[in-house]
Amino acid sequence: MIGFLAVALILPMWKARGWKWLILFPPLIAIAAVLGMDSGSYWQFNYLGVDLTLGRVDKLSVIFAHVFAVQGLIGFIFALHLKDKYQHIAASLYVGGAFGCVFAGDYLTLFIFWELMSVASTFLVWLNLSDVSTRAGFRYFAFHTLGGLLLLAGLLLRYGDIGSFAFTAIDPMNANYYDWLIMLGFCVNAAVVPLHAWLPDAYPEGSVTGSVFMSAFTTKTAVYVLARAFGGWEVLAVAGVVMALYGVFYATIENNARRILSYHIVSQVGYMVAGVGIGTAMTMNGACAHAYAHILYKGLLFMTTGTLLYACGTAKLSELGGLAARMPWVMICYVVAGLSISGMPLFNGFISKTMTITGAAQAHHTWLALGMEVAAVGTFLSVGIKLPYFAFWGGKPVDKTRKIKPIPTNMYIAMFMGAGLCLLQGIFPGLLYNLLPYEVVGGHGVPEPSQILAGFDVGYVPWTTGHVLASVLLLGFTGIAFYNVRNIIKPHPSRNLDFDFLYRVIGNMVRRLISLPLAAIDGVWTSVYRVVGLKWLMGFAKGASIFDRRAIDGVVDGSAYTVRGIGRTTAKAQTGALQDYLAFAVLLGLGIFALIWFTA
């Protein structure tokens, strides 16, 4: 955290060459620090009577810090070619804020870093430097300001009631109204439907590199805080499945590749929110595992589609096609990410997504598990098949005339790193499972994150015949379905309105409710002013003019005439004769002597 914030402060003053390499040091230091952490509470102090904790370390915070550090390194390598210092500064502040949230042991510290993330990520949208990104950035910031205000109101009311800012788990059976406010603030950042429209609105408009960072940190930080405080809240379980289905539906009908991926963030985060809401050790582990896997493959998806935008100047599927032969490495990296998000065996989505679904079924939430399975079908249909088909093949002849901008080497390196990790975790799930925070043991209630940072048995084995066959059959039938409907779901150059349509309607209604009465008042005032006020003002002006001429001008002119007269008299008195001056001096002296004599 400190390294990222320090780099953000140093970069504006760094004038020497080699400043780009400076941005790689914080994530490398973060990786080393996370690997060497011991559980406990650090950087505790009292400020104005409030106990603050900036460094709470347990397995829940470590797994998120671990993937944040890894993805931070990949993201900064992907952005290494940028000459714009401001993007690197915004990204450093953003990642540093995410680390601050993960290690915060109290709500006040959490709120400070929460707002830092909000402001810094807004600049990652604005720095795309277009009219569309500017407007999207303002809407994005407005939404996160709303979420921040809900969080602030909740934590202050909570402090007023219990006298503590401690960031701990909240029992849903004993929740107060301020706990709901805090949860709503978290749900804004988690893009819970219907509070999600900021995400598909802003992420596609961010800079090529900025959107890679944004896909990794905001929503997953929200998943972390929900897991920390609101495990076992069943309302989140239902909301999560709604997110999974809703995001998939919109992704299926979208045209812009980055907008498709943005809707799939809503969908995939839905699995995590549902896992937190169900609240068993299995589903909580599934939420954390899926957050880790999602950050890797979603970052890779945004890198590959960002590379398409960088090289071709567009991310719209209706304007792409025939690029497989001309951008083969980008295509391969995208396929790895697409199969990962779809839950294909050998890829990391398979070992994380299936854990949440299995946990939901074991907890007797059959309908929720079924909903997540349906969402998995839609994921493979839209991201695993539709997007790469129309972007890299699309039934078009190979595009030999499109001008393709050369892709920097650092972008390839970052994509290869992301693809390699997606495969490595899928083949060796223990690499991820050893980081999971909840041990599957007996007992009731929401499990507590372990303080033991070494790995333990999480009670789930993904590589079974049943899991593999179920996944392969599900994805296979989805592929057949796509082949039969590929002409029906062909992308068209249009934009689909989401809940932002409702926001616009409400906004227009509020504007009319406010502006119409104000316009009426303004009309009445204008009439009164024209009939009464203007005549009074003209009369006052006339009186002021008379006063100016007769009083002010009279005094000024009289003073001028007096001074002029004195000057003329003085000029006449100056005769130039010495005897006149001596006589005047004698008279003056006698006058002074007489004055002193008679007054003494």
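# Helices, Cores and Backbone Angles

User: Which residue follows α16, with a positive phi?

Analyst: This is a predicted model, in which local features need pLDDT of at least 70 and side-chain atom pairs count only at pLDDT 80 or more, while totals for chains, interfaces and linings use all residues. Residues are numbered from 1 along each chain as its sequence is written, and side-chain values use heavy atoms, with hydrogens and water left out. Helices (DSSP runs of H or I, at least four residues) and strands (DSSP runs of E, at least two) are numbered from the N terminus. With its phi near 75 degrees, the residue that follows α16 is Gly-394.

User: How far apart are the end C-alpha atoms of helix α16?

Analyst: Helix α16 covers residues 366–393, 28 residues in total. The expected span is 1.5 Å times one less than the number of residues, which gives 40 Å here. In agreement with that span, the end C-alpha atoms are separated by 38 Å.

User: At which residue does α16 bend?

Analyst: A bend is the angle between axes fitted to the seven residues ending at a position and the seven starting there. In α16 this angle is about 35 degrees, and Pro-388 follows within four residues of the bend. The bend lies at Lys-386.

User: How many residues of α16 are buried?

Analyst: A residue is buried under 20% relative accessible area, exposed over 50% and partly exposed in between, with a 1.4 Å probe and protein chains only. The buried residues of α16 are numerous enough that the helix is largely enclosed by the rest of the structure. Of its 28 residues, the buried ones number 20.

User: Where does the largest nonpolar core lie?

Analyst: A nonpolar core is a set of buried Ala, Val, Leu, Ile, Met, Phe, Trp, Tyr and Cys residues joined through side-chain atoms within 4.5 Å. The largest one has 164 residues, and Phe-64, Phe-99, Tyr-107, Phe-186 and Phe-230 have the most contacts inside it. Its largest share, 19 residues, comes from helix α13 (residues 281–312). Both domains, with bounds from an automatic or database assignment, give residues to this core, so it lies between domain 1 (1–227) and domain 2 (231–438 + 463–494).

User: How many residues form the other core, which includes Met-372?

Analyst: This core lies apart from the largest one. Val-248, Tyr-271 and Ala-274 are among its members, together with Met-372. Its residue count is 14.

User: What is the separation between the C-alpha atoms of Thr-356 and Ala-289?

Analyst: Thr-356 lies in helix α15 (residues 348–362) and is buried, with a relative accessible area of 0%. Beyond four places in sequence, its contacts (heavy atoms within 4.5 Å) include Tyr-271, Gly-286 and Met-372. Thr-356 and Ala-289 are 67 residues apart along the chain, and their C-alpha atoms are separated by 8.9 Å.

User: Is Ala-191 buried or exposed?

Analyst: Ala-191 is found in the loop between α8 and α9. Its phi is near 60 degrees, a positive value in a residue other than glycine. At 0% relative accessibility, Ala-191 counts as buried.

User: Which residue is joined to Val-193 by a cis peptide bond?

Analyst: The partner is placed in the loop between α8 (177–189) and α9 (198–202). Omega of the bond is about 10 degrees. The residue joined to Val-193 is Pro-194.
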